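Q: I am new to this structure and would like a close look at a single part of it, taken slowly and with the terms explained.

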Amino acid sequence: MIGIVVVSHSPSLAQAAVDLALEMVGDAPPPIAIAAGAGDGVTGTDAVRVAAAIDEVASPDGVLVVMDLGSAVLSGTMALEFATTSHPVRLSDAPFVEGLLAAVVLAGAGASLEEVEREARRALDSKRAQLGGEDAPEAPAPALGGTTPGASAEVTLVNPDGLHSRPAATIVKTVSGFDAAVTIENVTAGKGPIAAGSLIGIMSLGAKAGDVVRFAATGSQADAAVEELRAMAADGFGEVTTV
């Protein structure tokens with residue numbers, strides 16, 4: 001599992017962003033280290049602290065460094081000279097909050113450094129789509145068809161906020177546990193299919209309560225994966241309160 005370093009001018013901002021991201025991953029988060037502030041309550045960043053944080057979470061899977069602004073980027077760059085690890089380290093230009101959330105979710109699901117970095121960089125795509133901006137390129141959907149077993153199911157979303165960040169994170173984590181290539185499509189809106197391992201891709205579908213979504217999968221565990229997702233959606237991803 002890759003490690004994540006959070007670089008910010010403000011320790012309280014960094015901790016709040018990490019706490020938000022951790023709400024999405026449950027009991028199996030990736031290693032995370034915070035390098036925030038310049039010491040003695042001074043706002044700023046420190047390259048030596050960033051280097052120590054990189055070494056703390058380094059592993060053969062690599063480290064992704066997420067930074068907020070200005071000197072955080074400079075400190076991240078300088079830290080590469082001070083860090084002792086020989087494992088790969090990537091400095092991300094992703095948006096701080098959205099990118100960190102996407103990175104934590106994907107890393108927690110066991111994605112590679114390249115996959116996590118790519119997802120973090122795309123973290124504003126769903127916001128742009130919701131605000132009527134240009135359609136961002138979708139994450140590629142895994143191929144469906146051929147000779148591998150396939151399964152699909154359609155379900156109407158019953159949770160009030162549809163596929164927002166928390167259920168999207170749950171889907172990403174769920175599909176990572178199956179030997180299957182899974183896609184999700186918003187049938188009602190005509191969006192997708194999108195790879196179910198992409199947090200940002202799922203959120204970009206704009207799937208709301210009442211929309212019909214279609215899960216499809218191929219692979220040795222296609223049936224189990226689709227059934228698990230269908231049941232989760234039918235249950236409102238745990239967000240529907242019954243009286």
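Which side chain is joined to that of Ser-198 by a polar contact, and at what distance?

A: The side chain of Ser-198 has a polar contact with that of Arg-122, at 3.4 Å; a polar contact is a pair of N or O atoms within 3.5 Å, one able to donate a hydrogen and the other to accept it, and residues adjacent in sequence count only through side-chain atoms. The model is predicted, so local features need pLDDT of at least 70 and side-chain atom pairs pLDDT 80 or more, while totals for chains, interfaces and linings use all residues. Residues are numbered from 1 along each chain as its sequence is written, and side-chain values use heavy atoms, without hydrogens or water.

Ser-198 sits in the loop that runs between strand E7 (191–195) and helix H8 (helices of at least four residues and strands of at least two are DSSP runs, numbered from the N terminus). Because its relative accessibility is 3%, Ser-198 counts as buried (under 20%, with exposed over 50% and partly exposed in between, for a 1.4 Å probe and protein chains only). On the other side of this loop, strand E7 includes Pro-193, which is linked to Gly-192 by a cis peptide bond with an omega of about 5°.

Helix H8 (199–204), which follows the loop, is also among the elements that cover the buried residues of helix H5. Those buried residues are Leu-113, Val-116, Glu-117, Glu-119 and Ala-120, in a helix that spans residues 113–121. They lie on the same side of H5, because they cover an arc of only 165° around the axis, taken from the directions to the C-beta atoms. Besides H8, the cover of the buried residues of H5 includes strand E3 (63–67), strand E4 (89–92) and helix H4 (96–108).

Strand E4 brings Ser-92 into the picture. With a relative accessibility of 4%, Ser-92 counts as buried, and a polar atom of its side chain lies 3.0 Å from the backbone nitrogen of Ala-94. Once neighbours within four places in sequence are set aside, Ser-92 is in contact (heavy atoms within 4.5 Å) with Leu-64, Val-65 and Met-67, and also with Ala-120 and Arg-121. Ala-120, one of these partners, is itself one of the buried residues of H5.

Helices H4 and H8 come together again in the lining of the second largest pocket, where they and helix H6 (125–130) each give two or more residues. A pocket is an open set of points on a 1 Å grid with protein on both sides within 12 Å along at least five of seven lines, and its lining residues have an atom within 4 Å of a point. The largest share of this lining, four residues, comes from H4. Among the lining residues are Val-97, Glu-98, Leu-101 and Ala-102, along with Ser-126, Lys-127 and Gln-130, and then Leu-199, Ile-200 and Met-203. Ala-123 and Ser-165 also belong to the lining of this pocket.

Methods. On a 1 Å grid over the protein atoms alone, a cavity is a set of points where a 1.4 Å probe fits but cannot get out, and a pocket is an open set with protein on both sides within 12 Å along at least five of seven lines; lining residues have an atom within 4 Å of a point.
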